[in-house]
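Work through these exercises with the model open. Each task is followed by a solution in steps.

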Amino acid sequence: MTQAPFPHTDFEILDTKVYNHPLVYLDNAATTQKPRTVVDAISHYYTHLNSNIHRGAHYLAAQATELYEQTRHKVAQFIGAAKPCEIIFTRGTTESINLVAASFSQMALREGDEIIVTAMEHHSNLVPWQLAAERHKAVLRFVPYSDEGVLDIEAYRQLFTPRTRLVAATHVSNTLGTVNPVADMARIAHSHGVPMLVDGAQAVAHTPIDVQALDCDFYCFSAHKMYGPMGIGVLYGKEERLNAMPPYHGGGEMIADVSLQRSTYNVLPFKFEAGTPSVADVLGFGAAIDYLQGVGMNVIADYEKELLRYATERLLSVENLRIIGNAPHKASVISFLIGNAHPYDTGMLLDKLGIAVRTGHHCTQPIMDRYGIPGTVRASFAAYTTTADIDALASAIIRIAPMLQ
Ligand code: PLP
């Protein structure tokens, strides 16, 4: 295998010792570690640039505004958006989806209307639609998937009716690792005149994204899962879609003119960015994108594909281990169970050996119900994960297995 694209030396935290063992960090689907350049960009902002953006008539405000807007351009270019005004900064994927679920639904959803969602969504791309459906007396319809974790596209086609108003689907399942055919799904949705929202939280750090090629109407993601800071994320939306939607939050920056009785609203993207944004985090996000692009998304995707193949082979060689989610097209996430051991016990024992994995339902309780399991152990990889990390995981599982019987 080739070397990991990101060197451990760029991530001081990876030097941590856990119970006298070197940390093996395999919880990247929850959040990735941040390279020094990202931490430095945040620190630089507070040390040298701190000021509120857009409104200030002074040097620091102008500098901060310039860098903030430059980052918007950078994000637009990174995901292939047609225009920077199609990039709305939010607190993350969850807020991006809630924005669309509230604003689009207010505009477009009426009693008896339908929204199509897949049955493998993270709660963040399920509960906002449940809330919207409840509010507007609409109905949710679900795309099923096979035991391997592959969406049933024929069933998806059959779900469309004249009442379908929106499709929401995850690009990559955070639990099963499945990469869904979202471009095909968007094409099918559009053939019915229906827009499509894609939850890209688990995709953007692992594969090149081109929202125009996918032709989705909305694409949502979080910086912290792509080597950037927590508390910042993006809603990409096609300009005409976002223009047609009412504001989500009211407050400063999102207005054009305000009187005591009513207001008119600012143009995109500001219409959807009420209040003071997290400027330092946006700049840190920009540094994360520079860092990813320094290596290139194709290099990262190729490396992680190899790593997934290696890890799958290593783990399947462990007796009594079964993988939940065996789609032919997967991202670098492996959910597994050892015999009848509770995932929580497995995770605790692995932690004592310095191995950080996630256990539980991973905010996808309906997936656990689908397989009749309480949860899984999830190892998820990043561009700094090495084959040595995978070997450490496999050896640790073999070591703890007898304690789990
Ligand atoms: N969607 C998916 C597929 C995720 O994996 C996650 C987080 O794990 C989210 C949405 C929510 O992301 P955030 O908590 O950053 O808003």
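Two strands count as paired if DSSP finds at least two bridges between them. Keep in mind that this model is predicted.

**Exercise 1.** Find the residue that stands opposite isoleucine 87 in β10.

*Solution.*
- Start with the strands. β4 and β10 (residues 233–237) pair over 4 bridges, in the antiparallel sense.
- Now read across. Isoleucine 87 faces tyrosine 236 of β10.

**Exercise 2.** Place β4 in its sheet, and find the helix that packs on this sheet.

*Solution.*
- Write the strand order: β4-β10-β9-β8-β7-β5-β6. This sheet of 7 strands is open, and its pairing is mixed.
- Check the ends. β4 (87–90) and β6 (139–143) are the edge strands, each pairing on one side only.
- Add the twist, which averages 20 degrees from one strand to the next.
- Add the helix. α6 (residues 182–191) packs on the sheet and touches β5, β7 and β8. The direction of α6 makes about 160 degrees with that of β8.

**Exercise 3.** Trace the open sheet of 4 strands and its helices.

*Solution.*
- The order is β13-β14-β17-β16, with antiparallel pairing.
- β13 (321–324) and β16 (358–360) are the edges.
- Neighbouring strands are turned by 35 degrees on average, direction ignored.
- Look at β14 (residues 333–338) and β17 (residues 376–380): 4 bridges join them. Here phenylalanine 336 stands opposite valine 377.
- Helix α11 (residues 343–352) touches β14, β16 and β17, at about 45 degrees to β17.
- Helix α10 (residues 297–316) lies across β13 and β14, at about 5 degrees to β14.

Terms used: Residues numbered from 1 in each chain as written. Predicted model: local features only at pLDDT ≥ 70, side-chain atom pairs only at ≥ 80, totals over all residues. Heavy atoms only, no water. Helix = DSSP H or I, 4+ residues; strand = E, 2+ residues; numbered from the N terminus. Axes fitted to C-alpha atoms, helices over the stretch in contact; angles between N-to-C directions. Contact = heavy atoms within 4.5 Å.
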